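Me: Could you take me through one part of this structure slowly, explaining each term as it comes up?

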Amino acid sequence: MKILLVDDERESRSFLANYLALHGHIIIECDSGEEALEVYKEDRFQMVLSDIKMSGMSGIELIEAIKLLDLAPKADLVLYTGFVDVSLAISALRAGAYDYLTKPINFEELTSILERVEEHQDLLYENKVLTEHFDEKLKEATRDAEYQLTQLKQLVAKQAGIENIGVFSEVMKSLVKHAQQYHTDRMVPVLIQGETGVGKEIIAKIIHYGNVETSGPFVDINCAAISPTLFESELFGYEGGSFTGGVNKGQKGKFDIAAGGTLFLDEIVELPLELQAKLLRVLEEKSFYRVGGLKKIKTDVRIICTANLDFEKQIEEGMFRKDLYYRLKVGRILIPPLREREDDILPLILMFLTDFSKRRGKHFCRISEPAAKFLLSYQWPGNVRELRNAIEWVSFMFDDEELKLEHLSNLTPKGTGEKKETKSLTPDPMKLDEHIDDLVEEALRIYNGNKTKAAQHLGISVRALYYRLERMQKNVARKK
């Protein structure tokens with residue numbers, strides 16, 4: 001800081017000036033109040049440090065005269081004296097002194113005052129600049145805020161997995177618009193239906209995040225991947241001592257973790273029947289009980305579910321409650337398969353091609369006409385997921401500026417898939433159950449024990465696979 005030091009005792013003034021200079025301050029010395037007033041008029045200081053008792057103009061008279069000057073910004077005025085007089089200190093503060101010290105000066109107190117004066121002067125300067133350039137500073141602050149908000153939204157979108165979504169056809173634009181509309185009301189449960197790979201989870205995240213706003217946690221459960229015996233404790237949690245093997249102090253469930261956010265129930269049809277009634281009650285009463293608990297717990301959770309296109313058929317077969325189905329489909333989004341959205345195919349391919357090429361340092365930037373015709377005629381049984389995986393494979397295996405037909409050898413013409421091997425009956429007697437058990441074991445072997453993939457391969461639900469495995473175990477035990 002620039003400090004005006006005023007004292008008619010030369011030795012005392014020089015000692016104090018040296019101390020202040022050692023701490024990085026610029027010091028201008030005056031030996032009288034009259035001289036100090038004239039110097040103050042010609043220069044700008046952040047602080048005036050003056051003795052009170054001086055020949056001629058006193059320190060109090062000096063600060064009164066400085067206060068009358070119409071100069072800005074004003075310095076902070078600090079007085080000191082060797083006379084311990086309460087009335088003198090009060091007079092100094094009334095005259096407008098920022099603070100008051102007594103001799104011999106305590107340098108810790110002086111350092112503390114210097115720090116406070118520096119902070120105060122910084123605030124005065126910022127206020128002066130803001131006042132003089134308000135409109136300019138406001139625009140600058142708005143630009144900074146908008147930039148930071150954009151960066152934050154991009155970060156959240158990246159973490160959420162929705163930073164690179166291709167929405168090109170009018171159908172998908174309409175679906176995304178509906179999803180963003182559902183975001184505005186957390187009380188509305190949403191059911192998303194479509195084939196495997198169409199992007200049901202992406203739509204669920206758009207419903208949750210909206211335009212990437214603060215939306216609480218997004219907690220997902222794959223209903224096909226959890227054992228029916230563990231499902232209730234997984235959803236609602238449990239109290240300590242509820243069952244053998246549980247944590248002694250109990251554990252919170254997914255409803256607790258998703259409080260204030262979204263609970264995403266993937267493949268809802270796999271939810272055990274006995275739990276469907278409990279989920280319906282939670283939706284209607286907005287509360288639940290933990291396993292083994294007696295206290296009703298209030299919940300504030302948005303429910304989003306997904307199901308395949310055979311959902312209604314499964315309801316007719318008694319695998320899912322009608323009343324829960326109608327409660328879940330208050331908000332409903334039906335995503336058509338990619339083969340019915342021709343306008344999305346080539347733009348999606350180009351988007352993924354550009355993205356993967358950039359990551360791997362490849363040069364793909366366009367699609368040849370023969371390749372485009374083939375890609376449009378392909379049926380995409382795996383939908384967007386299959387398309388993305390296929391383009392990732394191409395970017396890994398090849399490097400070219402143009403995506404050509406020969407690059408697409410991993411796709412079978414028309415999406416018909418490989419010709420299925422037909423099985424014929426043998427002349428030897430055989431039991432159907434044993435044949436089914438063999439198929440189940442083979443599927444589990446192929447997928448290294450992954451029950452979800454094995455069930456998909458067999459064309460059955462994971463729950464049905466679990467029941468089959470339990471039956472097989474009982475049969476083995478019975479034979480022993």
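Reply: What follows looks at serine 169 and its surroundings, and then at the whole chain. This is a predicted model, in which local features need pLDDT of at least 70 and side-chain atom pairs count only at pLDDT 80 or more, while totals for chains, interfaces and linings use all residues. Residues are numbered from 1 along each chain as its sequence is written, and side-chain values use heavy atoms, with hydrogens and water left out.

Serine 169 sits in the loop that runs between helix α6 (134–160) and helix α7 (170–183), where helices are DSSP runs of H or I with at least four residues, strands are runs of E with at least two, and both are numbered from the N terminus. Serine 169 counts as buried because its relative accessibility is 4%; buried means under 20% relative accessible area, exposed means over 50%, and partly exposed lies in between, with a 1.4 Å probe and protein chains only. If its neighbours within four places in sequence are set aside, serine 169 is in contact with Arg341, Asp343 and Asp344, contact meaning heavy atoms within 4.5 Å.

For comparison, glutamate 35 belongs to helix α2 (residues 33–42), and this glutamate counts as partly exposed because its relative accessibility is 34%.

Turning to the whole chain, there are 19 helices and 14 strands, and 41% of the 480 residues are buried. Among the contacts in the chain with a separation of 6 or more, 71% are between residues 24 or more positions apart.
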